[in-house]
Amino acid sequence: MGKNEMTEIDKYIQNFPDEVQEILVKIRELIKKLAPEAEEQMAYGMPGYKTNKKPLIYFGAYKNHIGLYATPEAHAEFKDELSGYKQGKGSVQFPLNHPIPYELIERIIKFKLAENNKK
């Protein structure tokens, strides 16, 4: 793939307003920094990452929130810190009208990386 070729993920990110694109790019850069070896692909209609053939993390943008999907184990691990956010089984919604907790997202990614590496 040429350097200037857009990936599906680039195209996905470009579908959103600038301020949302900025958040998505930041989360993507965080994942790439912490897990440079992760395979990046579209999955379930959103950017998804795998390490050791296991899901690492997925994220997506919605009208009013950013969705982060890191499996139920990761959500159980961070349940206290995530308790202020709307959650599903293995998912959490970060409202766009509040600061995005990048530091927490970073710790979730690190936790998932360790999980994927030890199995």
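Tutor: Rings of Phe, Tyr and Trp count as a pair if their centres lie within 6.5 Å. The model here is a predicted one, and five aromatic pairs are found in the structure.

Student: What makes the pair of Tyr85 and Phe94 edge-to-face?

Tutor: The centres of Tyr85 and Phe94 are 4.8 Å apart, and the limit for a pair is 6.5 Å. The planes make 85 degrees, and edge-to-face requires over 60. Tyr85 and Phe94 are therefore an edge-to-face pair.

Student: Why is Phe94 called buried, and what is Tyr85 called?

Tutor: Phe94 has 0% relative accessibility, and buried means under 20%, so Phe94 is buried. Tyr85 has a relative accessible area of 21%. Partly exposed lies between the limits of 20% and 50%, so that is the term for Tyr85.

Student: How do you know that β1 and β2 pair?

Tutor: A pair of strands needs at least two bridges. Strand β1, residues 39–43, and strand β2, residues 46–51, have five bridges in the antiparallel sense, so the condition is met. One of the contacts in register is that of Gln41, whose bridge partner in β2 is Gly48.

Student: What is unusual to check in the hairpin of β1 and β2?

Tutor: Two residues stand between the strands of this hairpin, and Tyr44 takes a positive phi near 55 degrees there. Tyr44 is a residue other than glycine, and it lies in the loop between β1 and β2.

Student: Why is Tyr44 called exposed?

Tutor: The relative accessible area of Tyr44 is 71%. Exposed means over 50%, so the term applies to Tyr44.

Student: Where is Lys53, and what is its phi?

Tutor: Lys53 sits in the loop between β2 and β3. Its phi is positive, about 65 degrees, although Lys53 is not a glycine. With 69% relative accessibility against a limit of 50%, Lys53 is therefore exposed.

Student: Why are β1 and β5 described as standing at the edges?

Tutor: The open sheet has six strands in the order β1-β2-β3-β4-β6-β5, paired antiparallel. β1 and β5 (86–88) each have a single partner strand, so one side of each lacks a neighbour in the sheet. Neighbouring strands of this sheet are turned against each other by 20 degrees on average, direction ignored.

Student: How do you know that β4 and β6 pair?

Tutor: Five bridges join β4 and β6 in the antiparallel sense. The minimum is two, so β4 and β6 count as a pair. Within this pairing, Tyr69 has Ser91 of β6 as its bridge partner.

Student: Which helices pack on the sheet, and what do they touch?

Tutor: α2 packs on the sheet and touches β1, β2, β3 and β4; its direction makes about 165 degrees with that of β3. α5 also packs on the sheet, touching β2, β3, β4 and β6, and its direction makes about 155 degrees with that of β3.

Student: How do you know that the end-to-end distance of α2 agrees with its number of residues?

Tutor: The span is 1.5 Å times one less than the number of residues. For the 17 residues of α2 the expected value is 24 Å, and the end C-alpha atoms are 24 Å apart, so the two agree. For α5, also of 17 residues, 24 Å is expected and the end C-alpha atoms are 24 Å apart, which agrees.

Student: Which residues of α2 are buried, and what covers them?

Tutor: Val20, Gln21, Ile23, Leu24, Ile27, Arg28, Leu30, Ile31 and Leu34 of α2 are buried. Their cover includes α1, β1, β2, β3, β4 and α5. In α5, the buried residues include Leu104, Ile105, Ile108, Ile109 and Phe111.

Student: What makes a set of residues a nonpolar core, and which members touch the most others here?

Tutor: The members are buried residues of nonpolar types, joined through side-chain atoms within 4.5 Å. The largest such core has 36 residues, and Leu24, Leu56, Ile57 and Ile108 touch the most other members. Elements that each supply at least two residues include α1, β3 (54–61) and α5 (102–118). α2 gives the most, with seven residues.

Student: What does Ile57 touch, leaving out residues up to four places away in sequence?

Tutor: Ile57 touches Ile31, Pro47, Gly48, Tyr49, Leu68, Tyr69, Ala70, Ile108 and Ile109.

Terms used: Residues are numbered from 1 along each chain as its sequence is written. This is a predicted model: local features need pLDDT of at least 70, side-chain atom pairs count only at pLDDT 80 or more; totals for chains, interfaces and linings use all residues. Side-chain values use heavy atoms; hydrogens and water are left out. Helices (H or I, at least four residues) and strands (E, at least two) are DSSP runs, numbered from the N terminus. Buried means under 20% relative accessible area, exposed over 50%, partly exposed in between (1.4 Å probe, protein chains only). Contact means heavy atoms within 4.5 Å. Rings of Phe, Tyr and Trp (its six-membered ring) pair if their centres lie within 6.5 Å; planes under 30 degrees apart count as stacked, over 60 as edge-to-face and the rest as tilted. Axes are lines fitted to C-alpha atoms, for helices over the stretch in contact, and angles run from 0 to 180 degrees between N-to-C directions.
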